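Got your viewer open? Get ready to click on some charged side chains and see who pairs up with whom.

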Amino acid sequence: MDNREKLEKMDRALRLLEDLKNSQVAMLEKSSNLQLDAMEFNFSEMEKNMGDLFSTFNESLDIINVELERFEIKRNQFEMKHGLDKEEGLSS
């Protein structure tokens, strides 16, 4: 695999991480809404479980954000190290 192909795979990984992040945000919102509904309906067990899920999803989102930031830095360093950022400008 050459450097351009490796960079393309890194870009794909970044897109997957972004997608995972967006999915996790949706899970947070849904669990929060369900927890509020459970409070309104006085379903204490569901309220507790949705609160637990919210905490778990929030922790997962923190991990995803850290990895996304770290991987993006690595990707950008790889691009600059191999001069791939300059090649794109020449081809247009």
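This tour visits the salt bridges and then a patch of charge on the surface.

Before you click, keep in mind that you are looking at a predicted model.

**Stop 1: a link between two helices**

Select Asp11 and Arg75 and show their side chains. They meet in a salt bridge, with N and O 2.5 Å apart. Now colour by helix: Asp11 belongs to helix 1 and Arg75 to helix 2, so this pair ties together parts that lie 64 residues apart in sequence. Switch on the surface for a moment. Which of our labels fits Asp11: buried, partly exposed or exposed? Its relative accessibility is 22%, so Asp11 counts as partly exposed, because the buried label is kept for values under 20%. Arg75 does fall in the buried class, with a relative accessible area of 9%.

**Stop 2: add a third residue**

Keep Arg75 selected and add Glu79. These two form a salt bridge as well, and their closest N and O atoms are 2.8 Å apart. Both sit in helix 2, four residues apart, which is about one turn of the helix. Glu79 and Arg75 are both buried. Now show Asp11 again alongside them: through shared partners, the salt bridges join Asp11, Arg75 and Glu79 into one network.

**Stop 3: a pair within helix 2**

Next, pick Arg70 and Glu67. Here's another salt bridge, this time with 2.1 Å from N to O. How far apart are Arg70 and Glu67 along helix 2? Three residues, or about one turn of the helix. On the surface view, Arg70 comes out as partly exposed at 45% relative accessibility, and Glu67 is partly exposed too, with a relative accessible area of 33%. If you're keeping score, the salt bridges in this model come to four.

**Stop 4: a negative patch**

Clear your selection and choose Glu18, Asp19, Glu69 and Glu72. What do they make on the surface? Together they gather in a patch of negative charge. Helix 1 (3–41) and helix 2 (44–81) are the elements that each give two or more residues to this patch.

Finish by zooming in on Glu69, which has its place in helix 2. Its relative accessible area is 54%, so Glu69 counts as exposed, since that label starts at values over 50%.

Key: Residues numbered from 1 in each chain as written. Predicted model: local features only at pLDDT ≥ 70, side-chain atom pairs only at ≥ 80, totals over all residues. Heavy atoms only, no water. Patch = residues over 30% accessible without salt bridge, like charges linked within 9 Å, V, L, I, M, F, W, Y side chains within 5 Å. Areas by Shrake-Rupley, 256 points an atom, 1.4 Å probe, with all protein chains shown as cover. Lys, Arg positive; Asp, Glu negative; His and termini not counted. Charge placed at Lys NZ, Arg CZ, Asp CG, Glu CD. Buried < 20%, exposed > 50% of the residue type's maximum accessible area, 1.4 Å probe, protein only.
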